[in-house]
Amino acid sequence: QVQLVESGGGLVQAGGSLRLSCAASGNIYSFAAVAWYRQAPGKQRELVARITRDGSTNYADSVKGRFTISRSGAKNTVYLQMNSLKPEDTAVYSCAASRGTMNRDSFQYDYWGQGTQVTVSS
């Protein structure tokens, strides 16, 4: 059974940094893509960052230059380094993994973690 477990969320002041971790129960390279999503109250879930098996990355325009997605094969973990945090970054952040199925030219994510809360104060 595939499990994804997020950690690293918390309360931080605007301008500060956090590093989120997504630990997978299996080899992260077995997934076509691993992504970080976030959802704030009253808003749609938003794709924040994605990394593919070959290392290609994509970011939402709102986080480009501030967030970095990376991975450790040895630890079977995907990270999201978040710098220069803003109050509008406040959300529940979730990790998701895709077997490779596509839906309207985007990855369909088959496995999801429980989410971790990130709160940025001003």
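**Exercise 1.** Find which residue in strand 3 is the bridge partner of Leu4, and then work out how strand 3 is paired and covered.

*Solution.* In strand 3, Leu4 has Ala24 as its bridge partner. The model is predicted, so that local features need pLDDT of at least 70 and side-chain atom pairs count only at pLDDT 80 or more, while totals for chains, interfaces and linings use all residues. Residues are numbered from 1 along each chain as its sequence is written, and side-chain values use heavy atoms, with hydrogens and water left out.

Next, take the strands themselves, which are DSSP runs of E with at least two residues, numbered from the N terminus; two of them pair if DSSP finds at least two bridges between them. Strand 1 (residues 4–7) and strand 3 run antiparallel and are joined by 4 bridges. Strand 3 also pairs with strand 8 (residues 77–82), again in the antiparallel sense, over 6 bridges, and here Arg19 has Gln81 in strand 8 as its bridge partner.

Finally, consider the covering of strand 3 (residues 18–24), where 5 of the 7 residues are buried, a term that means under 20% relative accessible area, with exposed over 50% and partly exposed in between (1.4 Å probe, protein chains only).

**Exercise 2.** Locate Asn76 and Asp105, and describe the phi of each residue.

*Solution.* Begin with Asn76, which lies in the loop between strand 7 (67–72) and strand 8; its phi is near 50°, a positive value in a residue other than glycine. Turn then to Asp105, in the loop between strand 10 (102–103) and strand 11 (106–107), which is not a glycine and yet has a positive phi of about 70°. As a last step, note that Asp105 is exposed, because its relative accessible area is 77%.
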